[in-house]
Amino acid sequence: MKIVRFCHEGLEHTGFVESDVVYEGDADGGLKTYRLGDVKLLSPVKPSKAVCVGLNYKDHAQEMGEAPEPVLFIKPSTAVIGPCQWIVKPTCCERLDYEGELAVVIKDDIKNVTEQEAKKHILGYTCALDMTARDLQHKDGQWTRAKSFDTFLPIGPWIETDVDPAAGLELKLYVNGELKQSGNTKDMIFGVDKLVSFISSVMTLKGGDVILTGTPAGVGPVKPGDTIRFVIEGIGELENYVK
Ligand code: MG
C-alpha cells in the first residue's frame, strides 16, 4: 500500500494511492476518491525527528572514510517539505549538496528493540533528500547547522508498505535529468534492521519518526533553478526544486 498525506481545496487529508486514484481514509473506511493529478501531495509523514546515518554505503564510505558503527545525527522536523516543493539555498551557504536516501518510517513508539524485532515496528519506506550545506559542515566541524535549514529534508511521495530494502532496491538521483547518483540498498554497510535496533538503543523512536539510511557515492552541488529527481525502485520518485 502507498500511504499519502495530501491537500485538496485547502484541506489536508491522509489516504492511500492505487495507480492514479487517491483514496481518502484507510483501507477499512470508505472512501472519497480523487484523481492523483487533482491533489497536492504533502510529506507522507510528520516526524518528531529524523535520525540520519552518515557513510552507510560502501562506495560513499570509501570516498569519505569508513566508520566501525553507525554515525548518527539528527535533522529537525522543521526541515521537512513534501514532493514538488522548493528547497531554499541559504544565502550563507556556498555549496548546497544533494544526498538521496532511503527513509524508513517507524510504526509505533519503540526503545531497545532487537534486530529480529525491528521489522514489525516499521510502517514502510519512502524517498528522502538529506540536503547539506557542505561548506558549513566543514567550517563548523559538526553537522547541526549544515543539515538543519528549513526545507533541507524533502520526503515523499508516499510510504510504500510492501517493499524490502534487504532484497536490493536501485536508487537513482538526477539533477536536471542528468544521472548523478546510482546505488543499491543491498550495498548498505548497516542494514535497516541493524539501524532500527542500534538507534532505539540510544533514543526512543516515536511512531512517524524517520530514519535516513545514508547515501551512495556521487553526492554533489546544486544551485537555484535546478530540479532534483530521486527514484527508488519499488517505492516511487521524489522531485524538488532549488531556489
Ligand atoms: Mg546523508
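This passage describes a magnesium site, a small sheet and one buried valine in a predicted model. Residues are numbered from 1 along each chain as its sequence is written, and side-chain values use heavy atoms, with hydrogens and water left out. Because the model is predicted, local features need pLDDT of at least 70 and side-chain atom pairs count only at pLDDT 80 or more, whereas totals for chains, interfaces and linings use all residues.

The magnesium ion has as its protein donors E99 (OE), E101 (OE) and D130 (OD), which lie 2.0 to 2.2 Å from the ion; donors are N, O and S atoms within 2.8 Å of the metal (3.2 Å for Na, K and Ca), and since water is not among the atoms, sites may look incomplete. E99 sits in the loop between β10 (96–98) and β11 (100–106), and D130, 31 residues apart from E99, in the loop between β12 (122–129) and β13 (132–133), strands being DSSP runs (E, at least two residues) numbered from the N terminus. Both E99 and D130 are buried, that is, under 20% relative accessible area (1.4 Å probe, protein chains only).

β10 also belongs to an open sheet of three strands with the order β13-β10-β18 and antiparallel pairing, where two strands pair if DSSP finds at least two bridges between them. The edge strands are β13 and β18 (220–222); β10 and β18 are joined over three bridges, and D97 stands opposite P221 in β18.

V17, in strand β2 (residues 11–18), is buried, with a relative accessible area of 4%. Leaving aside residues up to four places away in sequence, V17 touches K2, V4, V22, L36 and W158, a contact meaning heavy atoms within 4.5 Å.

Technical notes: Helices (H or I, at least four residues) and strands (E, at least two) are DSSP runs, numbered from the N terminus. Buried means under 20% relative accessible area, exposed over 50%, partly exposed in between (1.4 Å probe, protein chains only).
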